[in-house]
Amino acid sequence: MKHEREAAGRQKGKLGANLPRLALIADRFTEPSYANAAVEAVRGGVRWVHLRDHAASPSAFASAARQLTVRLRGAAPGVRLSVNTRVDVARALGLDVHV
């Protein structure tokens, strides 16, 4: 009963009510080993992945984000995805963005 009240409280307009409690910052996700680790984390229960790679070129970032988005949604259709600073990529893929 207590858990139901807590969940209901989070749903009544409180900041972060719809955010998963755990987010994976997928830094350097453009590298295959890091992308694979992100997919495994989602398979293991992570429900929010934030894509970030400050060293990647714009085209490499966009291409890797497109490919990884498909893989992550295949691993967990409801996974929340966000992109760091690349508004164009976020908009093209329908993802959240952090600037």
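A nonpolar core is a set of buried Ala, Val, Leu, Ile, Met, Phe, Trp, Tyr and Cys residues joined through side-chain atoms within 4.5 Å. The views below are taken from a predicted model.

**Figure 1. The largest nonpolar core of the protein has 23 residues.**
Within this core, Phe29, Val49, Leu51, Leu68 and Leu72 have the most contacts. Two or more residues each come from helix 2 (32–43), strand 2 (48–52), helix 3 (58–75), strand 3 (80–84) and helix 4 (87–93). Helix 3 makes the largest contribution, giving six residues. Over the whole protein, 32% of the 99 residues count as buried. The accessible surface comes to about 6400 Å², and carbon and sulfur atoms hold 54% of that area.

**Figure 2. The protein has four helices and four strands, and the strands form an open sheet.**
From the N terminus, the elements follow the sequence α-β-α-β-α-β-α-β. The four strands of the sheet are ordered 1-2-3-4 and pair in parallel. Strand 1 (24–27) and strand 4 (96–98) are the edge strands; each has a single partner, so one side of each has no neighbour in the sheet. Ignoring direction, neighbouring strands are turned by 30° against each other on average. Among contacts in the protein with a separation of 6 or more, 60% join residues 24 or more positions apart.

**Figure 3. Strand 2 and strand 3 are paired in the parallel sense over four bridges.**
Strands of a sheet pair through backbone hydrogen bonds, either parallel or antiparallel. Here, histidine 50 stands opposite serine 82 of strand 3, and leucine 51 has valine 83 of strand 3 as its bridge partner. Four of the five residues of strand 3 are buried, so strand 3 is largely enclosed by the rest of the structure. Helix 3 lies across both strand 2 and strand 3, and runs at about 165° to strand 2.

**Figure 4. Leucine 51 touches residues that include Phe29, Phe61 and Leu68.**
Leucine 51 is one of the core residues with the most contacts inside the core. With residues up to four places away in sequence left out, the remaining partners of leucine 51 are Ala26, Ala65, Thr69, Ser82, Val83 and Asn84. Among these partners, Val83 is also the bridge partner of leucine 51 in strand 3. Thr69 is placed in helix 3.

**Figure 5. Serine 82 is a buried residue of strand 3.**
The relative accessible area of serine 82 is 4%, which is under the 20% limit, so serine 82 counts as buried. The side chain of serine 82 makes a polar contact of 3.1 Å with the side chain of tryptophan 48. Beyond neighbours within four places in sequence, serine 82 is in contact with Trp48, Val49, His50, Leu51 and Asp96. Of these residues, His50 is the one that stands opposite serine 82.

**Figure 6. Threonine 69 and serine 59 both belong to helix 3.**
Threonine 69 has a relative accessible area of 5% and is buried. Not counting residues up to four places away in sequence, threonine 69 touches Leu51, Leu81, Leu93 and Leu95. Serine 59, by contrast, counts as exposed, because its relative accessibility of 55% is over the 50% limit. The C-alpha atoms of serine 59 and valine 89 are separated by 9.6 Å, and the two residues lie 30 residues apart along the chain.

**Figure 7. Arginine 28 and threonine 85 have positive phi values.**
Most residues other than glycine have a negative phi. For arginine 28, phi is near 60°, and for threonine 85, phi is near 65°. Arginine 28 lies in the loop between strand 1 and helix 2, while threonine 85 is found in the loop between strand 3 and helix 4. Arginine 28 is partly exposed, with a relative accessible area of 36%. Threonine 85 is also partly exposed, with a relative accessible area of 43%.

Methods. Residues are numbered from 1 along each chain as its sequence is written. This is a predicted model: local features need pLDDT of at least 70, side-chain atom pairs count only at pLDDT 80 or more; totals for chains, interfaces and linings use all residues. Side-chain values use heavy atoms; hydrogens and water are left out. Buried means under 20% relative accessible area, exposed over 50%, partly exposed in between (1.4 Å probe, protein chains only). Contact means heavy atoms within 4.5 Å. Accessible areas come from the Shrake-Rupley method with a 1.4 Å probe; for residues, only the protein chains shown count as cover. Two strands pair if DSSP finds at least two bridges between them. Axes are lines fitted to C-alpha atoms, for helices over the stretch in contact, and angles run from 0 to 180 degrees between N-to-C directions. A polar contact is a pair of N or O atoms within 3.5 Å; within protein, one must be able to donate a hydrogen and the other to accept it, and residues adjacent in sequence count only if both atoms are side-chain atoms.
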